[in-house]
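This report looks at how two protein chains are arranged and how they meet DNA. Look at the structure first, then read on.

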Protein chains: 2
Amino acid sequence: MQDIITDKEREEKQSELVEIMGRISCRGGGTALSGRILGLLSFLDQEEFTFEEIVDRLKISKSSVSTTLNHLMESDRIEYITYPGDRKRYFRIKVNTPKTFIQTMRKYIERFENVNRAALELKKDRNSRSAKNIQAMLKSLTFWKAQIDEYEKEFNIDEL
Amino acid sequence: MQDIITDKEREEKQSELVEIMGRISCRGGGTALSGRILGLLSFLDQEEFTFEEIVDRLKISKSSVSTTLNHLMESDRIEYITYPGDRKRYFRIKVNTPKTFIQTMRKYIERFENVNRAALELKKDRNSRSAKNIQAMLKSLTFWKAQIDEYEKEFNIDEL
DNA sequence: TAGTCAGTTCGGAAACAATAGAACCAAACA
DNA sequence: TGTTTGGTTCTATTGTTTCCGAACTGACTA
């Protein structure tokens, strides 16, 4: 019933999703542009895109594409492959990489934990309202750290 | 051994932490200013601060304090109380409010889930690299949603 | 009624981030 | 050797936040 959809229609809808990805720009903070590139590499049926194709399809400048691609590669969310006898690089999403996101998350949590622990140490009265609040914070931070550990165990994120 | 610390020294250290909070500005995105205010209300021994005290201690303009306090109240991270015969409002941190943070998190995850699900629907070949990647994403998003549920159950975040 | 107190609101300056444009460069090719 | 291809790098330009100052307001007070 839903499969009477032409390839062209499908691609249009996919492109819409790419724009949406740009808007909810993504996986823990990025630019609209990086969201759109990730969307393109991820949502279309085509699996690999050259630099030029990205420029053409998303209508963004070469310079922006260049810097954004490099950021995305640095943060391990995309990669490129090459084919013998072809100078072009073919970009594609890297599979299974919520890793980086999780690691930033963990770092953030740890920094926050440290500050709060230090603050608690300095409290004159540990039963004060604010001190108790800090303790509650610390407890929930511990919870989230444990969840992250479990996540990493369960999904056993790929090693190099 | 560590308790031979004068009140003055303690306060200085606490103030340092306030500045740090400003820097890692906080609880899921806020300004340096809101971080510092949260730090002040949270890390010092004094439990309640008036508008003026905040202005004086943090050396930020009245206007900035005003808008920031209102934002923090809107997002439920601080509150104020009043005393009979006193026009001033006394601001203090609201206890136990990672709630809002968690809720934004959940919303974010859900939006992300929706886009990815839609993208998966549109895929011609569900066994393609990128389609499989989307499936993996969805699986981990499901995991995190479950963790959030568990968190809310475990910490049973306070109702009004 | 004027004056103070406890803030709020309104512009705008300063700082920062995102994108573009144009010049550049290195590898391959003719 | 010069030219094309596939990008990169280096300033602008533009847009967005963050924060401040100054003028304003509304409740109370003398």
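## The rotation axis

Gln147(B) is the residue of chain B that comes closest to the rotation axis, with its C-alpha at 3.5 Å. The model is predicted: local features need pLDDT of at least 70, side-chain atom pairs count only at pLDDT 80 or more, and totals for chains, interfaces and linings use all residues. Residues are numbered from 1 along each chain as its sequence is written, chains are lettered from A and ligands numbered from 1 in the order in which they are written, and side-chain values use heavy atoms, with hydrogens and water left out.

Two copies of a chain are related by a rotation about an axis and a shift along it. Here a rotation of 180 degrees with 0.0 Å of shift along the axis places chain B on chain A, with an RMSD of 0.1 Å (a least-squares fit on C-alpha atoms of residues with pLDDT of at least 70 in both copies). This is the relation of a two-fold axis.

## Residues near DNA strand C

Around DNA strand C there are 16 residues, and Ser63(A), Ser64(A), Lys62(B), Ser66(B) and Arg87(B) come nearest (near means a heavy atom within 4 Å). Of the atoms of DNA strand C that come within 4 Å of the protein, 62% belong to sugar and phosphate.

## Polar atoms at the DNA

A polar side-chain atom of Ser63(A) is 3.0 Å from a base oxygen of DNA strand C. For Ser64(A), a polar side-chain atom lies 3.0 Å from a phosphate oxygen of this strand. In the side chain of Arg87(B), an N or O atom is 2.8 Å from a base oxygen of DNA strand C.

Technical notes
A polar contact is a pair of N or O atoms within 3.5 Å; within protein, one must be able to donate a hydrogen and the other to accept it, and residues adjacent in sequence count only if both atoms are side-chain atoms.
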